[in-house]
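Student: Please take a close look at one part of this model for me. I would like to go through the salt bridges, pair by pair.

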Amino acid sequence: MLKFIAVSDFRCDYEKHNESCIPEVSQKKLDFIEEVTGKNVRFIADLGDSLSENIPPENAPELFKNIFYAYDRIADIHSVMGEHDFLLTKEKYLDLNDYAMRYRAFDHSDYRCIFLDSCVKDSDDNVYFEIDDEQIMWLSRLLGKSHRPAIIFTHAPIAVSDSTDEDKTIKNSSRLRELIETSNKVSLVVSGHLNHSDFVYSGNVPYITLAPMCGSDDATFAEITVSSRGVDIKGYGNQNSHTVPKTTEKVTKPTFFSKLRKIFKRK
């Protein structure tokens, strides 16, 4: 069993008169997460857009460090970059997190946790969402050789329940979903970016999109438990709760007589 906290789209403003630079309403959200988080929560997954677009770029590194310091007091913090986090350069983002690569994986409690970089900025500073070929090849190899069930984290969603949200998904999401769903290795996909909570079940894989933390004055996040029995998502604030029982397909091994029947049937 693996239990973790998932949060997205904090979009925290910068408060220059506060020692931590974090506004009081945002600090209360962090305090609430700390209050309800039990000792058996293994890590926090922050799925991007930690920073508000209104922050002066020169103040972004200080605020980012303070937000993640607050998370780290609760549990180990792992993150992906959102489009608003481009107030930092990608290189600065990696440096502040002490990450060697923009995508990464680690093993915890018999699960492989995979964080993909879905945000791309082109030469004209336009941002779009795509998982590049390098990551897809890496993910394919990782899922192919792993004996552990996987949990995948992205900023932009890979699958949505409402067709009106499809323009907010990763551009090559159909290719990514085919890889995920045919691997039979993925227990859950968790994303952010939308302005509401969403859930869709496709190819025996549950895809959850988190409601944004910035959507209300209440702390909005999910406490997620993944086990051999399925997935349990306990929502706080505007986040919906879901329970997904594990589905198992009965595999019947061919008997000697069934093999003979197939042979004679072909003849």
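Tutor: What follows is a walk through the salt bridges, with the burial of each partner. Keep in mind that this is a predicted model.

The structure holds 13 salt bridges. Start with Lys90 and Asp117. Their side chains meet in a salt bridge, 2.7 Å from N to O. This pair links distant parts of the chain. Lys90 sits in helix H3, residues 90–97. Asp117 sits in the loop between strand S5 (111–115) and strand S6 (119–121). The two are 27 residues apart.

How buried are these partners? The cut-off for buried is under 20% relative accessible area. Lys90 has a relative accessible area of 17%, so Lys90 counts as buried. Asp117 is buried too, at 5%.

Asp117 has another partner. The side chains of Asp117 and Arg102 also meet in a salt bridge, at 3.3 Å, N to O. Arg102 lies in the loop between H3 and strand S4 (104–108), while Asp117 lies in the loop between S5 and S6, so this pair ties together parts that are 15 residues apart in sequence. Arg102 is partly exposed, with a relative accessible area of 23%. Asp117, in contrast, is buried.

These contacts belong to a network. Lys90, Arg102, Asp117 and Asp132 are linked by salt bridges. Three members of that network have now been placed: Lys90 in H3, Asp117 in the S5–S6 loop, and Arg102 in the loop between H3 and S4.

Now turn to another salt bridge, between Arg148 and Asp107. The closest N and O atoms of this pair are 3.3 Å apart. Arg148 lies in the loop between helix H4 (133–145) and strand S8 (150–153), and Asp107 lies in strand S4, so the pair ties together parts that are 41 residues apart in sequence. Arg148 is partly exposed, with a relative accessible area of 30%. Asp107 is partly exposed as well, at 36%.

Put the pairs side by side. Lys90 and Asp117 are both buried. Asp117 and Arg102 join a buried residue to a partly exposed one. Arg148 and Asp107 are both partly exposed.

How values were computed
Residues numbered from 1 in each chain as written. Predicted model: local features only at pLDDT ≥ 70, side-chain atom pairs only at ≥ 80, totals over all residues. Heavy atoms only, no water. Salt bridge = Lys/Arg side-chain N within 4 Å of Asp/Glu carboxyl O. Helix = DSSP H or I, 4+ residues; strand = E, 2+ residues; numbered from the N terminus. Buried < 20%, exposed > 50% of the residue type's maximum accessible area, 1.4 Å probe, protein only.
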